[in-house]
Amino acid sequence: MNIDKAKKFYKTMFFIRKFEQKSAQLYTKEYIRGFMHLYIGEEAVATGVMDALDEDDTILSTYREHGHALARGISANSIMAEMFGKQEGCSKGRGGSMHLFDSSTRFYGGSAIVGGGLPMAVGMAMADKMQNKNRVTVVIFGDGAVGEGEFHESLNLAALWNLPILFVCENNKYGMGTALELSESQTDISKKAASYKIKSSQVDGMDVVKVNELTSEAVEYIKNGKGPFFIEALTYRFKAHSMFDAQLYRTKDEVNLWKQKDPLVLFEQYLKDKGIWDKIEKDTMEKDIDRTIEDAVEFAKEGTFESVDDLHRFVYSE
């Protein structure tokens, strides 16, 4: 791995971590309202996946999408303003934490519906195929989406129509407060995808290098016209499902055990083993990131709420 990519990976994961920590603080102070789902612990997935994509590729995400949006290149200002409900946000303050949207980066949500992005991704991939556009539609979802009917319908249609789509399942072991083994008789989700004759593979979702390598392989496979690809990233969220979650369904010992696999710690050790950790310049990077996040907070605070008189806009198509 060259030093530029090493810096990019570490900076992106560290940026996501610090952004999420700041968001949690702002939520407790009621600057951010509504639902919010933190991505802390899963940074390697967003970072590894987004790096393997081209600017023209399409992304559909989940309600736990801050990390995906940041890794895709949506500005911290735009995301923070959106969470503050300000018009300067990427969804004009209408979406909040769960509905980030930015057409300039081809980032089409952010959806509060579990598995809701799956059939949309199938439609977008089908449109690209019909128009002979050589790009990939990536849909990211959690293990909880596997219990939804559209999961099976979407995989089936993607395989039947040989669509250019990459399914990325972030398996963090829990669908809200229900452990995967309590909701699925087959907990190897990649095998479910394989049953639809889709090329599928599991990857250590705490290892950004492995995630990036597999995603790069998947993108090449898809763009060579070989059909859909399914990645199951085995990961873990260090924080609660949402800010309203008491986490009574798992033990502190379990969480602490997974924290030993922290993607930032694992990647730091990887870089030390490669002899390039000293070139990362972590202290300078951290100061730059802190400044960027503080600027985003000020941007959001100074933003404008939408006038009540305009609340009817965008409700119906003209």
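**A guide through the parallel sheet and its helices**

Glu232, in strand S7, is the bridge partner of Cys169. This pair of residues offers a point of entry into the structure, which is a predicted model. Cys169 falls within strand S3, residues 165-171, and S3 pairs with S7 in the parallel sense over six bridges. Glu232 also stands opposite Gln202. That second pairing belongs to strand S6, residues 199-204, which runs parallel to S7 and is joined to S7 by six bridges.

How far is strand S7 enclosed by the rest of the structure? The strand spans residues 229-234, and five of its six residues are buried, so S7 is largely enclosed by the rest of the structure. The link between S6 and S7 can also be followed: together with helix H9, residues 208-223, these two strands make a right-handed β-α-β unit.

The view may now be widened to the whole sheet. It is an open sheet of five strands with parallel pairing, and the order of the strands is S1-S2-S3-S7-S6. S1 and S6 are the edge strands, each of which pairs on one side only. Direction ignored, neighbouring strands of this sheet are turned by 20 degrees against each other on average. S2 and S3 run parallel and are joined by six bridges; in this pairing, Thr137 stands opposite Ile165 of S3.

Two helices may be placed against this sheet. Helix H2 packs on it and touches S1, S2, S3 and S7, with a direction that makes about 165 degrees with that of S3. Helix H5 lies across S1, S2 and S3, and runs at about 170 degrees to S2.

Helix H2 also has a helical partner. H1 (residues 3-28) and H2 (residues 43-51) pack with their axes 9 Å apart, at an angle of about 135 degrees. The two helices are therefore oblique to each other, and H1 passes H2 in a right-handed crossing. On the side of H1, the contact is made by Lys5, Lys8, Phe9, Thr12, Met13, Ile16 and Arg17; on the side of H2, it is made by Glu43, Ala44, Ala46, Thr47 and Asp51.

H1 appears again in the surroundings of helix H4. Seven of the eight residues of H4 are buried, and the helix is mostly covered. The buried residues are Ala76, Ser78, Ile79, Met80, Ala81, Glu82 and Met83. What covers them includes H1, helix H3 (66-72) and helix H12 (282-301). Ser78 serves as an example from H4, which comprises residues 76-83. With a relative accessibility of 14%, Ser78 counts as buried, because the limit for burial is under 20%. Apart from neighbours within four places in sequence, Ser78 is in contact with Glu88, Gly89 and Cys90.

The chain beyond H4 shows several features of its backbone. Most residues other than glycine have a negative phi, and most peptide bonds are trans. H4 is followed by Gly85, which has a positive phi near 75 degrees. Arg106, although not a glycine, has a positive phi of about 55 degrees. Arg106 is placed in the loop between H4 and H5 and counts as buried at 16% relative accessibility. Gly110 is also placed in the loop between H4 and H5, the latter helix being residues 117-130. The peptide bond from Gly109 to Gly110 is cis, with omega near 25 degrees.

Asn132 is a residue other than glycine with a positive phi, near 55 degrees. Asn132 lies in the loop between H5 and strand S2, residues 137-142. Is Asn132 buried or exposed? Its relative accessible area is 71%, so Asn132 is exposed.

The final stop is Tyr63, which is found in the loop between strand S1 (58-60) and H3. Tyr63 is buried, with a relative accessible area of 15%. Which residues are in contact with Tyr63, once neighbours within four places in sequence are left aside? They are His37, Ser97, Met98, Ser111, Ala112, Val114 and His241. Tyr63 and Tyr39 are 24 residues apart along the chain, and their C-alpha atoms are separated by 10 Å.

Methods: Residues numbered from 1 in each chain as written. Predicted model: local features only at pLDDT ≥ 70, side-chain atom pairs only at ≥ 80, totals over all residues. Heavy atoms only, no water. Buried < 20%, exposed > 50% of the residue type's maximum accessible area, 1.4 Å probe, protein only. Helix = DSSP H or I, 4+ residues; strand = E, 2+ residues; numbered from the N terminus. Pairing = 2+ DSSP bridges. Right-handed = clockwise from strand over helix to strand, strands pointing away. Axes fitted to C-alpha atoms, helices over the stretch in contact; angles between N-to-C directions. Parallel < 35°, antiparallel > 145°, perpendicular 65-115°, else oblique. Left-handed = near helix turned anticlockwise from the far one by under 90°. Contact = heavy atoms within 4.5 Å.
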